[in-house]
Amino acid sequence: MTFQHKGCSWYDDEIRCVFEALPDKVFVVSEDGTFIKYHTNKPEHLAAKPEDLLGKKITDILPQGTAHRLMKLVAAALASKKQQSMIF
């Protein structure tokens, strides 16, 4: 995620610190599974180069089984309005 915006407030700095401390990957995807944003401290552990993820769909990047499981989580997140997670 990019936090370099004009007019950053202390809140933006605090959120940036939280994301930088996370050991996990965080992805923001659209309803159809398109990668919109991501955060990782280890981009070398991603399934594709970071610049190749944005604008691509989960189903275009990941193996079919993994993509299917993730798309079920996207649907669950939209239905429940709650964060979903998956370990793989």
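Which element supplies the largest share of the lining of the largest pocket? That role falls to α4, with five residues. The structure above is a predicted model, and here is a quick tour of its fold, pocket, core and one charged pair. The protein has four helices and two strands, and along the sequence they run in the pattern α-β-β-α-α-α.

**Overall fold**
- Of the 88 residues in the protein, 22% are buried.
- Among contacts with a separation of 6 or more, 19% join residues that sit 24 or more positions apart.

**The largest pocket**
- The largest pocket holds about 1100 Å³ of space.
- Its lining is made of 31 residues, and those nearest the centre are K25, V26, F27, Q84 and M86.
- Three elements each give at least two residues to this lining: β1 (26–29), α3 (58–61) and α4 (64–80).
- In chemical character, the lining splits into 20 nonpolar, six polar and five charged residues.

**The largest nonpolar core**
- Eleven residues form the largest nonpolar core: F35, Y38, L46, A48, L53, I58, L62, A67, L70, V74 and M86.
- Two elements, β2 and α4, give two or more residues to this core.
- The biggest contribution to the core comes from α4, with three residues.
- M86 has a place in both settings, as a member of this core and as one of the residues nearest the centre of the largest pocket.

**Around F35**
- F35 is one of the core residues.
- Leaving aside residues up to four places away in sequence, F35 touches F27, V28, V29, L53, L54, G55, K56, K57, I58 and I61.
- Two of these partners, L53 and I58, are listed in the core as well.
- Another partner, F27, is among the residues nearest the centre of the largest pocket.

**The salt bridge**
- Side chains of opposite charge can pair when their charged atoms come close.
- A search of the whole structure turns up one salt bridge.
- The partners are D32 and K57, whose closest N and O atoms are 3.5 Å apart.
- D32 sits in the loop between β1 and β2 (35–39), while K57 sits in the loop between α2 (50–53) and α3, so the pair ties together parts that are 25 residues apart in sequence.
- D32 counts as partly exposed because its relative accessibility is 40%, which lies between the 20% and 50% cut-offs.
- K57 is also partly exposed, with a relative accessibility of 33%.
- Besides pairing with D32, K57 is touched by F35.

Terms used:
Residues are numbered from 1 along each chain as its sequence is written. This is a predicted model: local features need pLDDT of at least 70, side-chain atom pairs count only at pLDDT 80 or more; totals for chains, interfaces and linings use all residues. Side-chain values use heavy atoms; hydrogens and water are left out. On a 1 Å grid over the protein atoms alone, a cavity is a set of points where a 1.4 Å probe fits but cannot get out, and a pocket is an open set with protein on both sides within 12 Å along at least five of seven lines; lining residues have an atom within 4 Å of a point. Grid points are joined across faces, edges and corners, and a volume is the space filled by probe spheres set on the points. Ala, Val, Leu, Ile, Met, Phe, Trp, Tyr, Cys and Pro count as nonpolar, Asp, Glu, Lys and Arg as charged, and the others, Gly among them, as polar. A salt bridge is a side-chain nitrogen of Lys or Arg within 4 Å of a carboxyl oxygen of Asp or Glu. Buried means under 20% relative accessible area, exposed over 50%, partly exposed in between (1.4 Å probe, protein chains only). A nonpolar core is a set of buried Ala, Val, Leu, Ile, Met, Phe, Trp, Tyr and Cys residues joined through side-chain atoms within 4.5 Å. Contact means heavy atoms within 4.5 Å.
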